[in-house]
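Biologist: I would like to know what stands behind the labels people put on a model. Could we go through some of them in turn?

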Amino acid sequence: AVIHRDGRQAAAEGESPLLTDFTSLYAASMLVRQQAAVDLYRPREMYQASLLAAQAAYDGKLSEKQARAIGFHPWMYPPTFIPAAIPLAYLPYLFAWFAWLAVTAIPYLLALRTILKDQSFWLIALAAPPVFYNIMYGQTGFLTAGLIGLGLVWLQPRPILAGICIGLASVKPHFGLLIPIALICGAHWKAFWTAAITVIVSAVAAGLLFGADSWFGFIGTLSSNMRGFEQGAYNWSVMPSVLGALHQAGLDLGWAWRGQILAAAVALAAVGWAWWSQPERTPLPGLNAA
């Protein structure tokens with residue numbers, strides 16, 4: 001609340017307004033309400049939507065210079081994420097913010113309740129430091145943490161529900177790169193195939209709802225988003241990754257990427273070994289246990 005109050009005060013005094021992740025999410029919702037979904041992946045269209053979202057965030061009181069100070073933030077999500085954004089533009093900015101946090105907190109709190117099995121679970125869940133940043137900037141952390149958390153805790157008792165949750169978490173695909181390795185090495189076949197089917201069905205459904213061009217648009221932006229690293233388009237100081245740490249430590253981008261790839265390979269091997277060595281691991285039907 002304090003940071004938002006300070007941001008509004010700074011904007012009222014003519015300074016640059018507070019930038020949040022939710023601003024771009026609201027911008028996407030405003031754009032899809034009026035235009036084709038493929039326009040989310042067109043920089044000029046998304047930039048104009050970002051200007052409108054910035055004005056909506058500050059009740060239309062920003063000067064043109066202040067609105068432009070927010071800058072351009074590309075829509076990096078696949079079309080499967082669009083349905084989650086659509087309802088937001090039908091609410092005023094702050095109401096949409098609160099609604100987004102309230103709804104996405106449901107899977108997160110459910111996951112923590114399942115893990116902790118204690119009536120005071122919500123105190124621990126909301127006391128986690130990342131929660132403050134998620135609320136402060138209107139991020140997607142509640143949603144991804146909740147879906148992945150539920151997917152993991154339900155693997156044994158409810159593998160189909162676990163697979164559905166893991167499949168739905170593919171709206172943030174970079175968070176799920178190691179999950180298929182874990183499911184395969186842990187022999188959680190029912191959850192694995194359910195997750196795969198969920199991803200395919202949701203991808204096809206998004207293509208039918210928003211057109212195949214939305215997928216071509218998303219795929220087409222991947223290379224331009226990667227070029228953003230070379231062109232200095234991203235804020236390295238807020239990038240919690242090996243790549244960001246090495247680059248800020250003074251390594252050039254090429255060596256930083258090598259460090260990131262090495263770290264990814266180590267993580268893949270560690271996850272594979274940890275899940276393969278589970279005592280309760282069940283082998284694939286028709287094969288002998290390792």
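What follows is a set of questions about labels, each answered by setting a value against a definition.

Modeller: This is a predicted model, in which local features need pLDDT of at least 70 and side-chain atom pairs count only at pLDDT 80 or more, while totals for chains, interfaces and linings use all residues. Residues are numbered from 1 along each chain as its sequence is written, and side-chain values use heavy atoms, with hydrogens and water left out.

Biologist: How many helices and strands are there in the chain?

Modeller: The chain has 15 helices and zero strands. Both are DSSP runs numbered from the N terminus: helices are H or I with at least four residues, strands are E with at least two.

Biologist: Why is S29 called buried or exposed?

Modeller: Buried means under 20% relative accessible area, exposed means over 50%, and partly exposed lies in between (1.4 Å probe, protein chains only). S29 has a relative accessible area of 1%, so S29 is buried. This serine is found in helix α2, residues 21–34. Buried residues make up 39% of the 290 residues in the chain.

Biologist: What does the side chain of S29 reach?

Modeller: The side chain of S29 reaches the backbone oxygen of I86 at 3.0 Å. A polar contact is a pair of N or O atoms within 3.5 Å; within protein, one must be able to donate a hydrogen and the other to accept it, and residues adjacent in sequence count only if both atoms are side-chain atoms. Contact in general means heavy atoms within 4.5 Å. Leaving aside neighbours within four places in sequence, S29 is in contact with A85, I86, P87, L88 and A89.

Biologist: What makes L262 exposed and L62 buried?

Modeller: L262 has 56% relative accessibility, so L262 counts as exposed. L62 has 8%, so L62 counts as buried. L262 is in helix α15, residues 253–276, whereas L62 lies in the loop between α3 (43–57) and α4 (64–69). The C-alpha atoms of L62 and A12 are separated by 7.9 Å, although these residues are 50 apart along the chain.

Biologist: Which side chains meet in a salt bridge, and how do you know?

Modeller: A salt bridge is a side-chain nitrogen of Lys or Arg within 4 Å of a carboxyl oxygen of Asp or Glu. The side chains of D39 and R42 meet at 2.5 Å, N to O, so the pair fits the rule. The count by this rule is one salt bridge. D39 is buried, with a relative accessible area of 8%, and R42 is partly exposed, at 43%.

Biologist: Why does K172 have no salt bridge?

Modeller: Lys and Arg count as positive and Asp and Glu as negative; His and the chain ends are not counted. The nearest side chain of opposite charge to K172, that of D21, is 7.2 Å away, so the 4 Å limit is not met. K172 is buried and is placed in the loop between α10 (159–168) and α11 (179–185). The side chain of K172 makes a polar contact with the side chain of T140 at 3.2 Å. Leaving aside neighbours within four places in sequence, K172 is in contact with Y77, T140 and T144.

Biologist: How many disulfides are there?

Modeller: The count is zero. A disulfide is a pair of cysteine sulfur atoms within 2.5 Å. As for cysteines, C165 is buried at 9% relative accessible area, and C185 is buried at 16%.

Biologist: What makes a set of residues a nonpolar core?

Modeller: A nonpolar core is a set of buried Ala, Val, Leu, Ile, Met, Phe, Trp, Tyr and Cys residues joined through side-chain atoms within 4.5 Å. The largest one here has 57 residues, and W100 is among those with the most contacts inside it. Helix α6 (residues 93–116) gives the largest share of this core, nine residues. A second, separate core of five residues includes W236, L243, L253 and A256.

Biologist: What is the sign of phi in A187?

Modeller: Phi of A187 is positive, near 60°, in a residue other than glycine. Most residues other than glycine have a negative phi. A187 lies in the loop between α11 and α12, and at 8% relative accessibility A187 counts as buried.
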